[in-house]
Amino acid sequence: MKIIDRYIRQRFLQSFFLIILILAVLFSFFEFLSQLDDVGRGDYRLADAVRYVALTLPKRLLDLMPISTLLGGIIALGMLADGNELLGMQASGISVRRISISVLGAGLLLMVGAGVLAEIAVPIWEQEARNARAQAIAGADVTVVRQGFWARRKTVFIHVDQMLSHGLAADIDIFEFNSNGRLERLIQARSADIGDDKQWILHGVSMKQITEQGFSSTEVPSMTLDSFLSAEQIDLLTLPPHSLSTPDLTRYIRALDESGQSVAPYSLALWRKLGMPLTTGAMVLFCLSFIFGSTRSQSAGYRITIGAFVGISLYLLDRLSVNLGLLLNIPPWVTAMVPVVVISGVAFWRLRAVM
Amino acid sequence: MMILDRYIQREIAKPAVVICTILVFVFGCYIAARYLEDAVEGQLSGMVVFFLIVLRILIALEVLLPMTLYLSVIIALGRLYGDSEMMAISACGIATGRVMRSVFLMGILVGGVTACFSLHIRPWAWERFYELKARALVNFDLTRMQGGNFYEIENGDRVIFADRVDGQANYARKIFIQTRQDRELQIIFAQEARQRRDEKTGRPVLEFKDGYFYEFSTVKNQGRIMHFGTSMIRMEPRDPRRDFKIKAATTASLAGSEDPEKIAELQWRLSSPFSAVLLAPIGAALARSSPRRGKYAKMPAAVVVFAIYYNLSAVAKKWVGQGVLTTFPGVWWVQIMMAVLVGAILWRPRITIFRKA
């Protein structure tokens, strides 16, 4: 039994790696093309573009994982079926269920792989890629690491135009409204040191106190301000949700929730992270259903075509539902899990006759 | 003899249809993921996202079509070798060159279609793409906003935030708007806001209730404060700032230019049909294998060849544009190298690429 497991696993993984290689090379080339447009801006050179494409590879691989599993699985199993190898296995007393378990074993490896990519490789590499790119494009004299951001807590709005490095911000506007919606204080500063204890030390400050009669303006070289954001939270704020690791995401969702901002994109990113390995697994089930659930008279080519289209449609549905969910305010865990359940459901329904 | 040619061409065309559709679908899904994220964060409507994806697919077809042919040739001829059909063809006294001729014809056919894409459809699609995106980013729609999110519109000159938004009722609560204009900073904070269309112009207008308007000059110490019952601002769709992108320029306008970047773009467009013509025979050479070897044994090597060829072409284009390479032979040196390789394969059919020990 060990030998047959290994054989099936090998065939499955071979096809998977072939498909993901083709797709990753193709999409990396497209990414490279669009990065080449930026070569020549600031200090961004050809080597930086190559580096960016290499560093964003884990994210691309992760995105392509479910679809490659599906196509690879259908091709591998389709070829086994075409060569009458599956028939041979069944004839020698190996049940369909046993073959399926062996395929699922290989699928489990891929699910673990997807999990490792999502949790370890993507956050580290993606952040590195973005930072290096922004730094190179911004030029040598200013080291703008990240773009600015807006944040709000209750009636205080903060705008930071640029984050220079960890804890150093440039061009800051702070708007303090009272509960009636009247602006009470407008603080503008040239730069700020932001500590991990949420204390901001502002430099080059111009402060306007506003009353019903008018406003008075004062200029001070520096002042200390208790804010609601620490340097660590800001670091997370300036990165796209998908590039954060699970602990960072949970921490950040809590911080956003406290500040009264929308957490939906971040909690969706969290659920997507969980959903990606599960979708990969569901795709394995789906290809099983396609090989065993259909009649034997079909050729491999036909089966691959039909299976691929149905699978891709399901995958597209998965992508669409996630974003529709955000627009329609459906809880993120529902939108992230529904497609997995639907794909596995379809697979089980098709498999029920042969199992 | 016509029967054999047609047979080989049909064998190549069959997988090509499937591969092309799958590549288009997968590429569409991949791109969709990106723009759909934009639809949530930003303001792109579903229809706009759909058109953007279609345009991106049209742009990508310039590369997807030659790749489709390349993979199909490898699969089709790989099967002919695997099932000993090639041996049977040789046994009938038909030279390998004859099979190669069919492959070449397919290459020229696909090359012709690719030329249409690279010379006409791709520039047109880029132009529409930039236009659509610029317009979508300038037009603001309150009903598509989400409470608790900051929206930067009009190239970041205006920032809008609302505590709560009811899209269906077209109604936002506690709305904050900051507008930066040259040296002035305007802030509006209102308890309620609604979007409607101006009867005369048909342009969108934001109407506020019960709020304050502030205007500060960033140079002089001046400012204005107003408390209003109702007020409104026009959301003028400004003329989209159109950076002239060479990618969107028509081929006719590129011809005869002295600008190295334009020359590079023109050479790229002219050379891309050759990728199909050159990749097809290489695919045929790679497909050659003895029976009982795996059908897809040489696929990884084939993908490597593809990656090297295309990435080198892209780098060559960039270098011509930057003046690192002279405009002659320009981007053509990659094509020439590839042509030499094809020539070697045709002249000495026994040479195999990536012979496995």
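**Exercise 1. Determine the order of the secondary-structure elements of chain B and characterise the chain as a whole.**

Solution. From the N terminus on, the elements of chain B follow the order α-α-α-α-β-β-β-β-β-β-α-α-α-α. The model under study is predicted. The count for chain B is 8 helices and 6 strands. Next, consider burial: 51% of the 357 residues of chain B count as buried. The surface that chain B exposes is about 17200 Å², and carbon and sulfur atoms supply 59% of it. Finally, among the contacts in chain B between residues at least 6 apart in sequence, 62% join residues at least 24 apart.

**Exercise 2. Describe chain A in the corresponding terms, and state how chain A is divided into domains.**

Solution. Chain A has 10 helices and 6 strands. Of its 355 residues, 55% are buried. The accessible surface of chain A is about 15200 Å², and 60% of that area belongs to carbon and sulfur atoms. Where contacts in chain A link residues at least 6 apart in sequence, 62% of them join residues at least 24 apart. The division yields domain 1, made of 1–138 + 256–353, and domain 2, made of 166–237. Between the C-alpha centres of these two domains of chain A the distance is 45 Å.

**Exercise 3. Identify the residues of the largest nonpolar core that touch the most other members, and examine the surroundings of Leu26(A).**

Solution. The largest nonpolar core holds 145 residues. Those touching the most other members are Leu26(A), Leu64(A), Tyr70(B), Leu77(B) and Phe306(B). The largest share of this core comes from helix α2 of chain B (residues 46–82), which supplies 22 residues. A second, separate core of 22 residues includes Ile158(A), Met163(A), Trp200(A) and Ala231(A). For Leu26(A), set aside the neighbours within four places in sequence; the contacts are then Leu23(B), Val63(B), Leu64(B), Met67(B) and Phe306(B). As general background, nonpolar side chains in soluble globular proteins tend to be buried together.

**Exercise 4. Test whether the length of helix α8 of chain A agrees or disagrees with the span expected at 1.5 Å a residue, then locate its bend.**

Solution. Helix α8 of chain A covers residues 264–292, which is 29 residues. The expected span is 42 Å, and the end C-alpha atoms are 40 Å apart, so the two values agree. The bend, about 30 degrees, is at Gly275(A), and Pro277(A) follows within four residues. As to cover, 26 of the 29 residues of α8(A) are buried, so this helix is largely enclosed by the rest of the structure.

**Exercise 5. Carry out the corresponding analysis for helix α6 of chain B.**

Solution. Helix α6 of chain B comprises residues 260–287, or 28 residues. From first C-alpha to last it reaches 39 Å, close to the 40 Å expected. At Ser272(B) the helix α6(B) bends by about 30 degrees, and a proline, Pro273(B), follows within four residues. Helix α6(B) is mostly covered, with 23 of its 28 residues buried.

**Exercise 6. Classify Asp5(B) and Arg9(A) as buried, partly exposed or exposed, and list their contacts.**

Solution. Asp5(B) lies in helix α1 of chain B, residues 2–41. Its relative accessibility is 7%; because this is under 20%, Asp5(B) counts as buried. Not counting residues up to four places away in sequence, Asp5(B) touches Arg98(B), Arg101(B) and Ser102(B).

Arg9(A) is found in helix α1 of chain A, residues 2–36. Its relative accessible area is 33%, which makes Arg9(A) partly exposed. Apart from neighbours within four places in sequence, Arg9(A) is in contact with Ala106(A) and Leu109(A). Arg9(A) and Leu109(A) are 100 residues apart along the chain, and their C-alpha atoms are separated by 9.6 Å.

**Exercise 7. Describe the backbone geometry of Asn84(A), Lys174(B) and the bond between Phe328(B) and Pro329(B).**

Solution. Asn84(A) is not a glycine, yet its phi is positive, about 60 degrees. The residue Asn84(A) sits in the loop between α3 (57–82) and α4 (85–91) of chain A, and at 45% relative accessibility Asn84(A) counts as partly exposed.

Lys174(B), likewise other than glycine, has a positive phi near 45 degrees. Lys174(B) belongs to strand β3 of chain B, residues 171–181, and is partly exposed at 24% relative accessibility.

The peptide bond joining Phe328(B) and Pro329(B) is cis, with omega about 5 degrees. Pro329(B) lies in the loop between α7 (299–322) and α8 (332–347) of chain B.

Definitions and conventions: Residues are numbered from 1 along each chain as its sequence is written. Chains are lettered from A and ligands numbered from 1 in the order in which they are written. This is a predicted model: local features need pLDDT of at least 70, side-chain atom pairs count only at pLDDT 80 or more; totals for chains, interfaces and linings use all residues. Side-chain values use heavy atoms; hydrogens and water are left out. A nonpolar core is a set of buried Ala, Val, Leu, Ile, Met, Phe, Trp, Tyr and Cys residues joined through side-chain atoms within 4.5 Å. Buried means under 20% relative accessible area, exposed over 50%, partly exposed in between (1.4 Å probe, protein chains only). Helices (H or I, at least four residues) and strands (E, at least two) are DSSP runs, numbered from the N terminus. Contact means heavy atoms within 4.5 Å. The expected span of a helix is 1.5 Å times one less than its number of residues. The bend at a residue is the angle between axes fitted to the seven residues ending there and the seven starting there. Accessible areas come from the Shrake-Rupley method with a 1.4 Å probe; for residues, only the protein chains shown count as cover. Domain bounds come from an automatic or database domain assignment.
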